[in-house]
Amino acid sequence: MDAIPYTVEPRQDTGLYNAKLGVWLFLASEVMLFGALFSTYILLRIGAAQWPLGSSILNVPIGAVNTVILITSSVTMVMSWVALKDKSFGRFKLCLGLTILLALAFLAIKGFEYNAKFEHHYFPKTSTFLAIYFTLTGLHALHIVGGVIVNSYFWGPGCKMWQSDPEHFINRIEVAGLYWHFVDLVWIFLFPVLYLL
Amino acid sequence: MSNDPHNSHRLNFWQKYIFSTDHKVIGIQYGITALCFLFFGFCLMMLMRWQLAYPGEPIPFIGKFLGENRAPGGIMLPEFYNELGAMHGTIMVFLGVVPLLVGAFGNYIVPLQIGAPDMTFPRLNMASYWAFLAGGITMLVSFFVPGGAANSGWTSYPPLADIATTGQTLWILGMVFLITSSLLGAVNFITTIFQLRAPGLTFMRLPVFVWAQLVTAFLLLLAFPPLEAAGILQLLDRVAGTSFFLPSGLMVSGEPLEVSGGGSVLLWQHLFWFLAHPEVYVLILPAMGIVSEILANNIRKPLWGYKSMVYSVIFLGFMSFIVWAHHMYLTGMGTAINAFFQATTMIISIPSVVILTCLFISLWGGSIRFNTPMLFAVAFLPMFGIGGLTGLPLGLSAPDIHLHDTYYVIGHFHYVVAPGTIFGIFAGIYFWFPKITGRKMNEFLGHLHFWPSLLFMNCIFMPMFVQGLAGMSRRLYDGGAQYAHLQGTLNLHKMISMSAWGLALFQLPFIINLIWSMCKRNIVTSDNPWKSTTLEWQTPTPPGHGNFPVEPVVYRGPYEYSVPGAAEDFTPQNKPGG
């Protein structure tokens, strides 16, 4: 009795393979992490004497463009998984590559946005609004960076597994996709809360 | 990444004992490291006890080694006393007790009890240990930075913690490592218990210990992230100049603080206690699990009310997320919020009482074997009972106004954690030692460890209730010598301190026993020396790679002792038939 079971095929009574359950649990904990920060936002805002309208400080069109970019990257992510299910490795490479490029575009735009804020002398210490803005978006950007690293691994050296163990590789892309959709979802909450409300 | 780290049986020393992915080796690594931290945390407390019993007198023997910036002339400085207090709490909870319960026992025992070859993610398991060690080392290093270790209490309340010395920053970084470690562990435990149960091992056939670990893992998974968020915010307050926890118009030493303000000190308390209350159940549930296993084994009959215990453990887990603000009655949250948290706090006491009652009733009519693990397990029951019952006045906001932040609180939670949980840990070590090493621990030394420990634990913590009711605050550097209303209870400090040092002395039999039993060749003759029913005893001793020679199949519940008509007084879970 050596090998760990259910690394590839799902267990019958739970209907899940190990990594899928693992990533759902990890995401549950991420929900609590961002949930705590959103709660912080609410508490700071209701306790504040005045709270600026997000759009008076932040650039709404740039935020909107970034929202579109991330949603598109979620679509290409799921398409890369479908491509593997269709046994079309070339299409997988294309779609996952697009996902990575879109993520990098998001980060570049975010960096540009941060830079513009710094040039206007808007820093985390300027006000609690900017403090929570930089904390939430900064932590989210770190999650994007994490996703880019994982996806780049599966696009590059990690994709050799497609030859040796295709089912396992499809699972990995599915798990990476679940994470990526979560990161996308966080932004979908961040954008209206910070920029529009 | 291959998912089969067991395929190579030719491992060198480093792969086998240091960078191992085997859950048993990781469990032992956790155990040894955490026992060292537990001892270190206890040493910090013994230093504090000197200052409380003999305020302003030089510490004998070791005082001169502490350094001029901590104890000039051997006399402890108030700042150093505060460091000791903050780090005693942090080290005991996050580096001692939880790693022992979850990291050591959970890692070693859970896969064995569910008939699994290992944890589902062995590499994450290893990463969890190394993150834990990094966190521990960060905490230790913080003693040597300018200004010393964190000195704002283990709760790190702002605004004090926001403006404290560098040690506080290291405390936050250390906590981030520990939170990462527990996240990896929690994901691993839950997937392992859900996915790797042996055929036939349904949820209602799981030993109580596994149930306790499962609920504990959920608590760690969901309660720690808010503390991580809070840690990030406090770190930004300290290094980036934000004002998350700094209200407007804050004055420090008569000078207004150069910050934007607008933050909330209560925000930290909410985020902190959202973790720290479930953390209390992280500290107690696995200990209850250990005690249940040992009790069932030594009363030689099934646990009374297995299902009630399981449902109570689950209910405790849920409720522990909505009681956190009972730590905050004195902050003036308002009567409506107080009323809510009083109600939930009273409700959460019910499942604890159910579990304890089940364990007490289980004793009834059993032919009890009083070996060392059983002594510790039985002592757990009244000790935890005292700890739990003295918590009720603290859960109601009116008496809490008087008792808050007094020695009464210290007495209450130490009864839960010290003679409660730590007795559970000792019980577990004596109980599972034969499986882990193949050798039995000495019974005489075990008794010599148990009886004085029980006596001294009570001599330490019982007088604290008296001091607390007299109104002694928990954070006084001189133990309250300058207060008129405390003069009557000051002499108890000496007794408590003497008992603490006595307790330390009688840990020597345990340490000697641990090392001596490992070296001596009093090898157990059976794989199942306690004649137990659960799966961890149905393996070779010590279990090899992959734990079970063939995959076990489970046919029955966990505690089939003294079944009428059975050949022996115990029927292992993997025994076919009937």
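## Cavities, salt bridges and cysteines

The lining of the largest cavity is made up of 10 nonpolar, 7 polar and 1 charged residues. Nonpolar here covers Ala, Val, Leu, Ile, Met, Phe, Trp, Tyr, Cys and Pro, charged covers Asp, Glu, Lys and Arg, and the others, Gly among them, count as polar. The model is predicted: local features need pLDDT of at least 70, side-chain atom pairs need 80 or more, and totals for chains, interfaces and linings use all residues. Residues are numbered from 1 along each chain as written, chains are lettered from A in the order written, and side-chain values use heavy atoms, without hydrogens or water.

**Exercise 1. Find which residues and helices of chain B surround the largest cavity.**

Step 1. Start with the count: the structure holds 3 cavities of 30 Å³ or more. A cavity is a set of points on a 1 Å grid over the protein atoms alone where a 1.4 Å probe fits but cannot get out, and lining residues have an atom within 4 Å of a point. Points are joined across faces, edges and corners, and volume is the space filled by probe spheres set on them.

Step 2. The largest cavity has a volume of about 200 Å³. It is lined by 18 residues, and the closest to its centre are Tyr30(B), Val98(B), Pro99(B), Ser181(B) and Ser182(B).

Step 3. Now place the lining on the fold: α3 (78–113), α4 (122–141), α5 (167–195) and α6 (208–239) of chain B each give two or more residues. Helices are DSSP runs (H or I, at least four residues), numbered from the N terminus. With 6 residues, α3(B) gives the most.

**Exercise 2. Describe the lining of the second largest cavity.**

Step 1. This cavity has a volume of about 50 Å³.

Step 2. Its lining includes Trp171(B), Met175(B), Leu227(B), Glu228(B) and Trp268(B).

Step 3. Both α5 and α6 of chain B supply at least two lining residues, and α5(B) gives the most, with 5.

Step 4. By class, the lining has 7 nonpolar, 1 polar and 1 charged residues.

**Exercise 3. Compare three salt bridges, starting with Glu113(A) and Lys110(A).**

Step 1. There are 10 salt bridges over all chains, each a side-chain nitrogen of Lys or Arg within 4 Å of a carboxyl oxygen of Asp or Glu.

Step 2. In the bridge of Glu113(A) with Lys110(A), the closest N and O atoms are 3.1 Å apart. The two residues lie about one helical turn apart because they are 3 residues apart in helix α4 (residues 89–119) of chain A. Both Glu113(A) and Lys110(A) are buried (buried is under 20% relative accessible area, exposed over 50%, partly exposed in between; 1.4 Å probe, protein chains only).

Step 3. Arg474(B) and Asp405(B) form a bridge at 3.5 Å, N to O. This pair links distant parts of the chain, 69 residues apart: Arg474(B) is in the loop between α14 (443–469) and α15 (492–505), and Asp405(B) in the loop between α12 (397–403) and α13 (407–437), both of chain B. Arg474(B) is buried at 17%, whereas Asp405(B) is partly exposed at 28%.

Step 4. Arg556(B) meets Glu560(B) at 3.1 Å, N to O. Arg556(B) is buried at 7%, while Glu560(B) is partly exposed at 22%.

**Exercise 4. Explain why Cys95(A) has no bond to Cys159(A).**

Step 1. A disulfide is a pair of cysteine sulfur atoms within 2.5 Å, and the count is 0 over all chains.

Step 2. The closest cysteine sulfur to that of Cys95(A) is in Cys159(A), 14 Å away, so the two are too far apart for a bond.

Step 3. Finally, check accessibility: Cys95(A) is buried at 4%, and Cys159(A) is buried at 9%.

Methods. On a 1 Å grid over the protein atoms alone, a cavity is a set of points where a 1.4 Å probe fits but cannot get out, and a pocket is an open set with protein on both sides within 12 Å along at least five of seven lines; lining residues have an atom within 4 Å of a point.
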